[in-house]
Amino acid sequence: AGTYTATLTVTGAGVTARTLSVTLTVAIDGLAVTIADWPALANVGGVAGSVGSLNFNPIAVVRTGANSFAAFSLICAHAGFYVQVINGQSFRCPNHGSTFNANGTLAANSPIQTGSLQSMRVTYTPGDPVLYVS
C-alpha cells in the first residue's frame with residue numbers, strides 16, 4: 001500500500017519524445033491501523049483491543065515480533081459475545097469464561113474448551129507506521 005510516482009519518457013521513430021509524470025496509489029481493502037495510536041503495540045506481545053471494526057466485527061491486534069503482527073476478531077466464535085482483552089496480554093469470553101493466549105489460541109488452563117479466535121490477515125511493511133487488517 002502507498003502512493004508511488006515516476007517519470008516516464010516515451011519515444012518512437014519519427015515522433016518527438018514525451019515525458020509523463022505517473023502516480024499510482026495502491027490501497028488495501030480492510031482496516032488501516034496506525035501503530036503509534038496503540039501504545040500496547042510498541043512491545044512484542046502487546047495486545048491492542050478494539051482497534052476498529054471489519055465487517056461489523058471489532059478487531060484486536062497483537063505485536064508478535066519486531067516487524068510482525070497478528071489480528072483477531074473480538075467476537076467469540078462459540079458464544080457470539082464480545083471478547084475482552086485481559087491485562088493487555090490475553091483474551092477472555094465473558095459469557096463462558098474461555099481464555100485465549102495472545103496468539104488467539106485457547107489457553108491450556110481455559111475453564112471451557114472451545115475453538116481459537118478467528119484470525120484476520122495482516123499486511124505490514126517493516127518501518128511503515130500503518131498496518132492493514134483484512
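## Buried residues in a predicted model

A residue counts as buried when its relative accessible area is under 20%, as exposed when the value is over 50%, and as partly exposed in between. Keep that cut-off in mind as we look around this structure, which is a predicted model.

Take F72 as a starting case: its relative accessibility is 2%, so F72 counts as buried. F91 is buried too, with a relative accessible area of 0%. L20 gives a contrast, because its relative accessible area of 42% makes L20 partly exposed.

## Two aromatic pairs

How many aromatic pairs does the count come to? The count comes to two. In one of them, the ring centres of F69 and Y124 lie 5.0 Å apart and the planes meet at 75 degrees, so this pair is edge-to-face. F69 belongs to strand β6 (residues 68-73), while Y124 sits in the loop between β11 and β12, so the pair links distant parts of the chain, 55 residues apart. Both F69 and Y124 are buried.

The pair of F72 and F91 is also edge-to-face, with 6.0 Å from centre to centre and 70 degrees between the planes. Here F72 comes from strand β6 and F91 from strand β8 (residues 90-92), so the pair ties together parts that are 19 residues apart in sequence.

## The sheet around β8

Strand β8, home of F91, also takes part in an open sheet of three strands, ordered β7-β8-β9 with antiparallel pairing. β7 (84-86) and β9 (99-100) are the edge strands; each has a single partner strand, so one side of each is left without a neighbour in the sheet.

Three bridges join β7 to β8, and the two strands run antiparallel. Within this part of the sheet, I86 stands opposite S90 in β8.

## The sheet around β12

Another open sheet has three strands in the order β3-β12-β11, again with antiparallel pairing. β3 and β11 stand at its edges with a single partner strand each, so each has one side without a neighbour in the sheet. Strand β3 (residues 31-34) pairs with β12 over four bridges, and T34 has V130 of β12 as its bridge partner.

On the other side of the pairing, two bridges join strand β11 (residues 122-123) to β12. V122 stands opposite V133, and T123 has Y132 as its bridge partner. The hairpin of β11 and β12 has six residues between the strands, and there G127 takes a positive phi near 90 degrees.

Which residues of β12 lie on each face? In a regular strand, side chains alternate between the two faces of the sheet. For β12 (residues 130-133), V130 and Y132 are on one side, L131 and V133 are on the other, and all are buried, so both faces are covered.

## A nonpolar patch on the surface

Let us finish on the outside of the model. Which residues form the nonpolar patch on the surface? They are L8, V10, L20 and V22, and together they have about 310 Å² of accessible area.

Strands β1 (2-12) and β2 (15-26) each supply at least two residues of this patch. L20, the partly exposed residue from the opening section, is found in strand β2.

Terms used:
Residues are numbered from 1 along each chain as its sequence is written. This is a predicted model: local features need pLDDT of at least 70, side-chain atom pairs count only at pLDDT 80 or more; totals for chains, interfaces and linings use all residues. Side-chain values use heavy atoms; hydrogens and water are left out. Patches are made of residues with over 30% relative accessible area and no salt bridge: like charges are joined within 9 Å, nonpolar side chains (Val, Leu, Ile, Met, Phe, Trp, Tyr) within 5 Å. Accessible areas come from the Shrake-Rupley method with a 1.4 Å probe; for residues, only the protein chains shown count as cover. A salt bridge is a side-chain nitrogen of Lys or Arg within 4 Å of a carboxyl oxygen of Asp or Glu. Buried means under 20% relative accessible area, exposed over 50%, partly exposed in between (1.4 Å probe, protein chains only). Two strands pair if DSSP finds at least two bridges between them. Rings of Phe, Tyr and Trp (its six-membered ring) pair if their centres lie within 6.5 Å; planes under 30 degrees apart count as stacked, over 60 as edge-to-face and the rest as tilted.
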